[in-house]
Amino acid sequence: MHVFADPTNFDAYLSSFFWILKLTGASAVLALVLGVLLAAMRVSPVPVLRGFGAAWVNTFRNTPLTLVIFFCFFGLYSTLGLSLADDLDLNNFWLGVIGLSAYTAAFVCEALRSGVNTVPAGQAEAARAIGLTFAQTLRIVVLPQATRSVVAPLGSILIALCKNATIVGTIGLMESSNVMKDLINSNGDAVIPIFLVFAGTFAAFLIPTGYFFGWLANRLAVKR
Amino acid sequence: MSANTVLYDHPGPRARVRNAVLTVIFGVALAGLLWWVYAKFDQAGQWEGALWQPFTEGATWTQFILPGLRQTLFAALTGMVLSLAFGIIFAVGRLSERRWISIPAGAVVEFFRAVPLLLMIFFIFYGVPFLIQAPVPAFWAVVAGLTLYNGSVLAEAFRAGIRSVPGGQAEAAYAVGLRKSQVMRLILIPQAARAMLPVIVSQLVVLLKDTALGYIVAFPELMQRGVNDLAANRGNIVAAAIVAAAIYIVINSLLSALASWLDQRSQRRGFRAQRRIATGANPAGGIAVVEPQG
Amino acid sequence: MRIKRVAAVAAVAALAITMTACGGDEGSGTSSSGAKGIVGKAESQKKLVIGVKADQPGLGLQTGSQYEGFDIEIGKIIAKGLGVDANNIEWKTTVSNNREPFIQQGTVDLVVATYTINDERKQKVNFAGPYFIAGQDLLVKSDSTIAGPEGLDGKTVCSASGSTPAKRIQTDYPKARLQQFDSYSKCLPLLENGQVDAVTTDDIILAGYAAQSQFAGKFKVVGKTFSTEPYGIGLKKDDKDGCEKVNEILKAAAADGTYKAAWDTSLGKSGKAAPELDTTKLTNCGSV
């Protein structure tokens, strides 16, 4: 434990997880919004919207996140000139958020679409029969019921997102995987305790989160 | 437009006009965006022949991309087999009535689901050699990391699947005199595996993508050979990454297509016959567990 | 019963892992003459495993199935001196982080991979050499006005994450903005389009990148080093005999011109004249 007794190392450890938390938080919000939009597109009556949603999902779901993040840096920032902050770290952070959100939104969209399927078809038919439009059917009848059944999968996606935040390290953000690598490089004799501290921190956050979503899903489940 | 959707009526004249307007607006905006991206890449010289010329040479493929792809597929296949085995063993372990089995099995699954794969692979490569006093080849570091993580996710999938088999099945099996292990092996696991097939295949797609994290231990897979090493030789990293992404997308789309084909086939056999609101989405059982790591 | 067969295959594969994990001891043999370490292995098995970099043009670059560069040439000289044919060398890709473990665990016999000799590393491994003295430097665009690390205030510098050069920039030149990547090859397109102002690592590595054909004429190495990086050849800590033998081979190579020839076929292609190998500076191989 002498490694973490050094205040510089301890600060690096703390700030690395602070980055992970911020990445997770910002991307979770953005991915949820984007995912709902994509899901609506994929079930909409307009073919070009459906096609766009499907293309988005198939592209991002099938590309390694490492490459997605890479393209955010070299495509969005370096080539398209999208600069999001003057500070280098902050700019990389937002590029990471964009990559994580775009990637995670594809999974959110698919989870929502599957959730829509748990709603019996009769519900949508009844909604149409009383004259609701597509948007109303979705917003008032289908999505509220679908949301309850996607709590568990969305929980899994959130947990995966938090772990995926480590991949933003490839564009130089000093998040936990980079800091762990650094600490291991300079403290070769303490590899195992260093790993246990980093892995343990993730576990301490994520295992309760998993149980929380399990509990919530049970509570909200639509009894049929 | 699919005729059997239940979310909206068959469009009348006004709806058709509205849809056409939306199509045009969105289509033009999208085309404009794509053109802008193309123009910007052009301006930055990313379409220059010199950057793409390596991909017309045989050596680029035979020396970099294909060997990398071979390692990616080999690691993914090994990882798939091992994580399926890991998943079944730990799912059964977690469902055991003996607490000295179920609690440790549960703890293992929960732990490995919570640790980022990047940290795991890095630790297996640099840390485990201190424990076993022998080097861990990069290949096995990647495969072991993939197995522990995806195996744990699959264990949860199997567990959910086993629990979704109607209780009467197990009761009937006990009634005809099968032992507990036989009930699990002959009755529950086959049905669970079938019900969870789409989830399992989706998770295997995730596993294949995750091999890309092997770059952290210099495992010579597609990312390492086809992007990093190729760019070190030819200085065309953006072009190389575009080609690598295309290869990943093609392979994973094939796997996903396999998943939906399997799903449709099992539906034809009368499994989960249920009307869907959104056509072609994963079945409800399929959404509970896929974790889109890396 | 497809599942059952899958499980059986998995069990066999698991067994295979255990066996590979235990079979990692192909290292130092003892020869008939009783020599141990790499000298013994070279004598008895007539082969060597050498760890090199795979992504550094001019030094250690994997071009398909082959490796090329100055480090590779040095490796060949040493193998020849130990009586091992160049065809019997197995090159193994190492990255900065795994050089010590690879030596300690016997994955490789020697490491020739831009491996700076320093006290921390000396506690784990033995060093022969140095065969080259490098120093941290900056790679900039040909028309850049940056003349040294002092000119970096407010400028963006690119380097490999967690590397010593990156750390030196952070501690000694905190006003520079540091962009880190997992490989240097990602820095170069950014330097080319002006998003970073400089790339920093050892001068000889930078020279290798600058000499690549697709960057020809676009970049220059500033030429004002601000650290000293003596490149050594790493071997097992207790292999003092091997280390002394490697130093003898280096001395001979400096004297008979093979050292210069090694330079000329690799980094020398960039037009830089071969350095003088100062054989008085060779390590004492850990003797007190």
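# Exercises on a predicted three-chain model

The secondary structure of chain A amounts to ten helices and zero strands, and the exercises below work outward from that chain in what is a predicted model.

**Exercise 1. Describe the secondary structure, the extent and the burial of chain A, and then do the same for the secondary structure and burial of chain B.**

Solution. Begin with the order of elements: read along the sequence, chain A follows the pattern α-α-α-α-α-α-α-α-α-α. Next take the extent, where the C-alpha trace of chain A spans about 70 × 45 × 25 Å along its principal axes. Then turn to burial, for which 52% of the 224 residues in chain A count as buried. Finally, consider contacts between residues at least 6 apart in the sequence of chain A, of which 73% join residues at least 24 apart.

For chain B, the count is twelve helices and zero strands, and from the N terminus on the elements run α-α-α-α-α-α-α-α-α-α-α-α. Of the 294 residues of chain B, 50% are buried, and among its contacts between residues at least 6 apart in sequence, 76% join residues at least 24 apart.

**Exercise 2. Work out how helix 10 of chain A packs with helix 5 of chain B, and name the residues that make the contact.**

Solution. Two packed helices are described by the angle between their axes and the distance between the axes. Helix 10 (residues 191–220) of chain A and helix 5 (residues 117–126) of chain B pack at an angle of about 170 degrees, and their axes are 11 Å apart. Because angles over 145 degrees count as roughly antiparallel, helix 10 of chain A is roughly antiparallel to helix 5 of chain B. The contact is made by A:Val191, A:Phe195, A:Phe198 and A:Ala199 on the side of chain A, and by B:Leu119, B:Phe123 and B:Tyr126 on the side of chain B. Sorted by class, this contact has seven nonpolar, no polar and no charged residues.

**Exercise 3. Determine how many residues of helix 5 of chain B are buried, and which elements those residues pack against.**

Solution. Start with the count: helix 5 of chain B is mostly covered, with ten of its ten residues buried. These buried residues include B:Leu117, B:Met120, B:Phe122 and B:Phe125. Then list the surroundings: within chain B, the buried residues of helix 5 pack against helix 6, helix 7 (138–164) and helix 10 (197–210), while from the other chains they meet helix 9 (176–186) and helix 10 of chain A together with helix 4 (99–104) of chain C.

**Exercise 4. Characterise the packing of helix 3 of chain B with helix 11 of chain B, and then the side of chain B that touches chain C.**

Solution. The axes of helix 3 and helix 11 of chain B come within 6 Å and cross at roughly 150 degrees, which makes the two helices roughly antiparallel. Among the residues that meet here are B:Phe64, B:Gly68 and B:Thr72 in helix 3 of chain B and B:Arg225, B:Asp229 and B:Leu230 in helix 11 of chain B. By class, this contact has six nonpolar, five polar and two charged residues.

For the second part, the contact between the chains takes 33 residues from chain B and 38 residues from chain C. On the side of chain B, at least two residues each come from helix 3 (58–95), helix 6 (128–132), helix 9 (180–195), helix 11 (222–234) and helix 12 (237–268). Helix 3 of chain B gives the largest share, nine residues. The residues on this side of chain B divide into 26 nonpolar, five polar and two charged.

**Exercise 5. Describe how the two domains of chain C are placed and how they touch.**

Solution. Chain C is divided into domain 1 (30–134 + 230–281) and domain 2 (136–221), and the C-alpha centres of these domains of chain C lie 27 Å apart. In the contact, 13 residues of domain 1 of chain C meet twelve residues of domain 2 of chain C. On the side of domain 1, strand 2 (55–56) and strand 7 (125–134) of chain C are the elements that give two or more residues. The residues on that side divide into five nonpolar, five polar and three charged.

**Exercise 6. Check the span of helix 9 of chain C against its number of residues, and locate its buried residues.**

Solution. At 1.5 Å a residue, the 17 residues of helix 9 (residues 240–256) of chain C should span 24 Å, and the end C-alpha atoms are 25 Å apart, which agrees. The buried residues of helix 9 of chain C include C:Cys243, C:Lys245, C:Asn247 and C:Leu250. The buried residues of this helix pack against helix 2 (37–45), helix 3 (70–81), strand 7, strand 13 (229–236) and helix 10 (258–265) of chain C. Helix 9 of chain C is followed by C:Gly257, whose phi is positive, near 90 degrees.

How values were computed. Residues numbered from 1 in each chain as written. Chains lettered and ligands numbered in written order. Predicted model: local features only at pLDDT ≥ 70, side-chain atom pairs only at ≥ 80, totals over all residues. Domains from an automatic or database assignment. Contact = placed C-beta atoms within 7 Å. Helix = DSSP H or I, 4+ residues; strand = E, 2+ residues; numbered from the N terminus. Nonpolar A, V, L, I, M, F, W, Y, C, P; charged D, E, K, R; others polar. Axes fitted to C-alpha atoms, helices over the stretch in contact; angles between N-to-C directions. Parallel < 35°, antiparallel > 145°, perpendicular 65-115°, else oblique. Buried ≥ 20, exposed ≤ 12 C-beta atoms within 10 Å, placed from the backbone. Expected span 1.5 Å × (residues − 1).
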